[in-house]
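Got the viewer open? Let's take a short walk through this one, stop by stop.

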Amino acid sequence: MSDDRTGTAGGTRAFTVAIDGPAAAGKGTISRAVAERFGFAHLDTGLLYRATGRRMLDGLDPIEAARALVPEDLQRDDLRTPPVADAASKVAAIPEVRAALVDFQRAFARRAGGAVLDGRDIGTVICPEAEVKLYVTASDAVRARRRFDELRGTGHEVTYETVLDDLRARDARDSGRADAPLKPAEDAVTLDTTELDIEAAVAQAVALVAERHAA
Ligand code: C5P
């Protein structure tokens, strides 16, 4: 998959913000807010794995599906469902799937004008040279509550217990895999959002990015 927009902002420097962490910790909201505040492009890398997982559920070979991914695949409106999240974390443990998605993510990360990427391995594998690395986390109970509210809000019939179980299973798979497991980069700043509302979490992330961007 190629990124047409890579380098089009010519003359502006590359600046990467890598935001990693477990499911439903607040990465997406923080990433979008940082991108908007600084005028950076944003890539939710989970969508790459979700789109590949979706294709696997459709009956395709996941490695072939990852190699054939095009940007439009990330726009599908059926990627944010529990079965697709589960399929995503299964295909994400296949090294050939991850390898097929590396170049696109690296090009996006170093595009001119700045980029925010959120995922599981951005600061550790995709962009170890990122200018800012954040590891966003929260307790299991708080993350499950947020995901439960989000899924209920979009009309999904789920129970809190199922959401909590799914989230723990997915985190265990993501942290336990051999290739690019979920873990904080050694030089990442940890942002625990268990006790923080979203405004406070965004404010802390923005302050860190502002400090590094000005340096
Ligand atoms: O972030 P999101 O919940 O959309 O990610 C779905 C799944 O994709 C994760 O559970 C994980 O298995 C995988 N993923 C990954 N590496 C990334 C982003 C997502 O392995 N950088």
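Start by selecting Arg50 together with the ligand: a polar atom in the Arg50 side chain sits 2.5 Å from a ligand oxygen atom. Keep in mind as you click around that this is a predicted model.

Now add Asp174, whose side chain puts a polar atom 2.6 Å from an oxygen atom of the ligand. Thr45 is worth showing too, but look for a nitrogen atom of the ligand this time: a polar side-chain atom of Thr45 is 3.0 Å from it. Switch on a surface and you'll see how wrapped up the ligand is, with the protein covering 97% of the 450 Å² of accessible area that the ligand has on its own.

Which residues come nearest to the ligand? There are 14 residues around it, and the nearest are Arg50, Arg98, Asp121, Arg170 and Asp174.

Next, go to cartoon view and find the sheet. Its five strands are paired in parallel, in the order E2-E3-E1-E4-E5, and the sheet is open. Colour E2 (41-44) and E5 (189-192): these are the edge strands, each with a single partner, so one side of each has no neighbour in the sheet. On average, neighbouring strands here are turned by 20° against each other, direction ignored.

Stay at the E5 edge and select E4 (residues 132-137). E4 and E5 run parallel and are joined by four bridges. Zoom in on Tyr135 and you'll find Thr190 of E5 opposite.

Last stop: helix H5 (residues 95-109), which packs on the sheet and touches strands E1 (16-20), E2 and E3 (115-119). Compare directions and you'll get about 140° between H5 and E3.

Terms used:
Residues are numbered from 1 along each chain as its sequence is written. This is a predicted model: local features need pLDDT of at least 70, side-chain atom pairs count only at pLDDT 80 or more; totals for chains, interfaces and linings use all residues. Side-chain values use heavy atoms; hydrogens and water are left out. Two strands pair if DSSP finds at least two bridges between them. Helices (H or I, at least four residues) and strands (E, at least two) are DSSP runs, numbered from the N terminus. Axes are lines fitted to C-alpha atoms, for helices over the stretch in contact, and angles run from 0 to 180 degrees between N-to-C directions. Contact means heavy atoms within 4.5 Å. A residue is near a molecule or strand if one of its heavy atoms lies within 4 Å of it. A polar contact is a pair of N or O atoms within 3.5 Å; within protein, one must be able to donate a hydrogen and the other to accept it, and residues adjacent in sequence count only if both atoms are side-chain atoms. Accessible areas come from the Shrake-Rupley method with a 1.4 Å probe; for residues, only the protein chains shown count as cover.
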